[in-house]
Amino acid sequence: METIVEDIVIVGAGIAGLTTSLGLHRLGVRSLVLESSNSLRLTGFALGVWKNAWNALDAVGVGPILRHRHLQLHGVVTTSLVTGQQTSTTSFKDNGKRGTNEIRCVRRQLMLEALANELPSGTIRYLSKVVAIEESDIFKILHLADGTTIKTKVLIGCDGINSVVAKWLGFKETSFTGRYAIRGCVELKTNHGFEPIFMQFFGKGFRAGVIPSQSLNLCENDVLLMYMLVVCIGVVTEKELEENPTKLKQFVLNKLEKMPSDVRSFIENTELNRFHLAPLRYRQPWELVWGNISKGNVCVAGDALHPMTPDLGQGGCCALEDGVVLARCLAEAFSKYPRRHNNKDMEDEEEQYKKIEECLKKYAKERRWRSIDLITTAYMVGCIQQADSKLVTFLRDKILAPLLANQLLKKSNFDCGKLNSS
């Protein structure tokens, strides 16, 4: 049975895990990233990357790589499918008090590859599923499915919504919102003709969003049109739609029958394997008020920490923030106590453990209320946007639409800071 000794182990090679590892690497600290699959996880087609996320990407040095490959969006237009009227128009060009707004629809695969390609060879260990965690003095012992044992000074859980590390820290299973997201995308070899604008559509009991994405690389002429439908469906219907892609596609088209024909035509031409149905889950905010984001030399980040609904488009953006803050805090513990190749000085090991614990508490303090704010706001915005009652629908379309759209910019007006706090 193989035994590996590491300073820092990150579970999960998603957005949070790779950003944390790259941030540590930029600060001269080595880490090992464990990924249960045999390659980078590419679930999802693309994501909206808002101003706060670009701050984080710039901090770890991959912002320019992605920025020059994706078109910047100019604004968001909201339309009611109940009345057929536009209810609000918000420009991203208007700087105002919040400074420059930067929003681009970024392909998830390109983001993960950009982060991973900047890491030293061997940083990511694939086919490494953690099945058990145990304590051994000041170390954590990880048992992998293949029989490998890893001894580490720091354990970071970036292993998603069903996190093994979050469970070890005492977090409960995430809560189901009662809503589902149906995501889809269509790839084209010619321009789709849409302006670079985020289009939102509100109906009775559902909402939809459409985001165009076009590569700015002259060698890549392909175009992506990504869309998402958020809707309440019964358990029986969910199972039926999951098992029958044709019915899933028709369900989407039926819901969006009043959508403008030029947008709807692209959905009609989407291949069946490009639709994805998933329940929307989130962590109860009070769990983050009282729960352990960190405990000793263990912590969580990304969806393992703050799974949230997609109503603000901040899930992946917040994970990027986590990675920068966590790398900055944790690097402090390894700048004073560099990696040792022997165990002669246990006093230094114990001192470093205390420093690690202190640094992770600092990270938890910095991320706790930001996470609570985004989870709560996203949930409330989603409830209003997807209202089924006539009163709330009327208020949403006539009064609240501009305020809801403004939340997208308000919550993205956040800077997680640079990697080096000095």
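Strands are DSSP runs of E with at least two residues, numbered from the N terminus. With that in mind, a walk through this predicted model can start at threonine 78, which lies in strand β4, spanning residues 75-80. Threonine 78 has a relative accessible area of 1%, and because buried means under 20%, this residue counts as buried. Leaving aside residues up to four places away in sequence, threonine 78 touches Gln85, Gln86, Thr87 and Ser88, as well as Gln200 and Phe202.

Stepping back gives a view of the whole protein. The chain holds 12 helices and 17 strands. Its radius of gyration is 22 Å, close to the 22 Å that the globule rule gives for 422 residues, so the protein is as compact as a globular protein of that length. Along the principal axes, the C-alpha trace spans about 75 × 45 × 40 Å. Of the 422 residues, 57% count as buried. Contacts between residues at least 6 apart in sequence can also be sorted by how far apart the partners are along the chain, and 76% of them join residues at least 24 apart.

The outside of the protein and its charges can be described too. The accessible surface comes to about 18,800 Å², and carbon and sulfur atoms account for 51% of that area. The protein carries 53 positive and 46 negative charges, and the mean positions of these two sets are 5 Å apart.

Next come the strands and their partners. Strand β3 (residues 46-49) and strand β6 run antiparallel and are joined by 4 bridges. One pairing to look for in the structure above is glycine 48, whose bridge partner in β6 is cysteine 105. In a regular strand the side chains alternate between the two faces of the sheet. Strand β6 covers residues 104-107, with Arg104 and Val106 pointing one way and Cys105 and Arg107 the other way. All four of these residues are buried.

A second group of strands follows along the chain, with β9 paired to both β8 and β10. Strand β8 (residues 130-136) pairs with β9 in the antiparallel sense over 6 bridges. Within this pairing, isoleucine 133 has leucine 142 of β9 as its bridge partner. The two strands form a hairpin with 2 residues between them, and aspartate 137 in the turn has a positive phi of about 55 degrees.

Strand β9 itself, made of residues 139-144, is mostly covered, since 5 of its 6 residues are buried. On to the next partner: β9 and strand β10 (residues 149-157) are also antiparallel, here over 4 bridges. Histidine 143 stands opposite threonine 149 in β10. Strands β9 and β10 form a hairpin as well, with 4 residues between them. In that turn, glycine 147 has a positive phi of about 95 degrees.

The last stop is a helix. Glycine 315 is found in helix α10, which covers residues 315-336. The relative accessible area of glycine 315 is 22%, and because partly exposed means between 20% and 50%, this glycine is partly exposed. Not counting residues up to four places away in sequence, glycine 315 touches His306 and Met308. Methionine 228 is 87 residues from glycine 315 along the chain, and the C-alpha atoms of the two are separated by 15 Å.

Notes
Residues numbered from 1 in each chain as written. Predicted model: local features only at pLDDT ≥ 70, side-chain atom pairs only at ≥ 80, totals over all residues. Heavy atoms only, no water. Rg over C-alpha atoms; globule rule 2.2 N^0.38 Å. Buried < 20%, exposed > 50% of the residue type's maximum accessible area, 1.4 Å probe, protein only. Contact = heavy atoms within 4.5 Å. Areas by Shrake-Rupley, 256 points an atom, 1.4 Å probe, with all protein chains shown as cover. Lys, Arg positive; Asp, Glu negative; His and termini not counted. Charge placed at Lys NZ, Arg CZ, Asp CG, Glu CD. Pairing = 2+ DSSP bridges.
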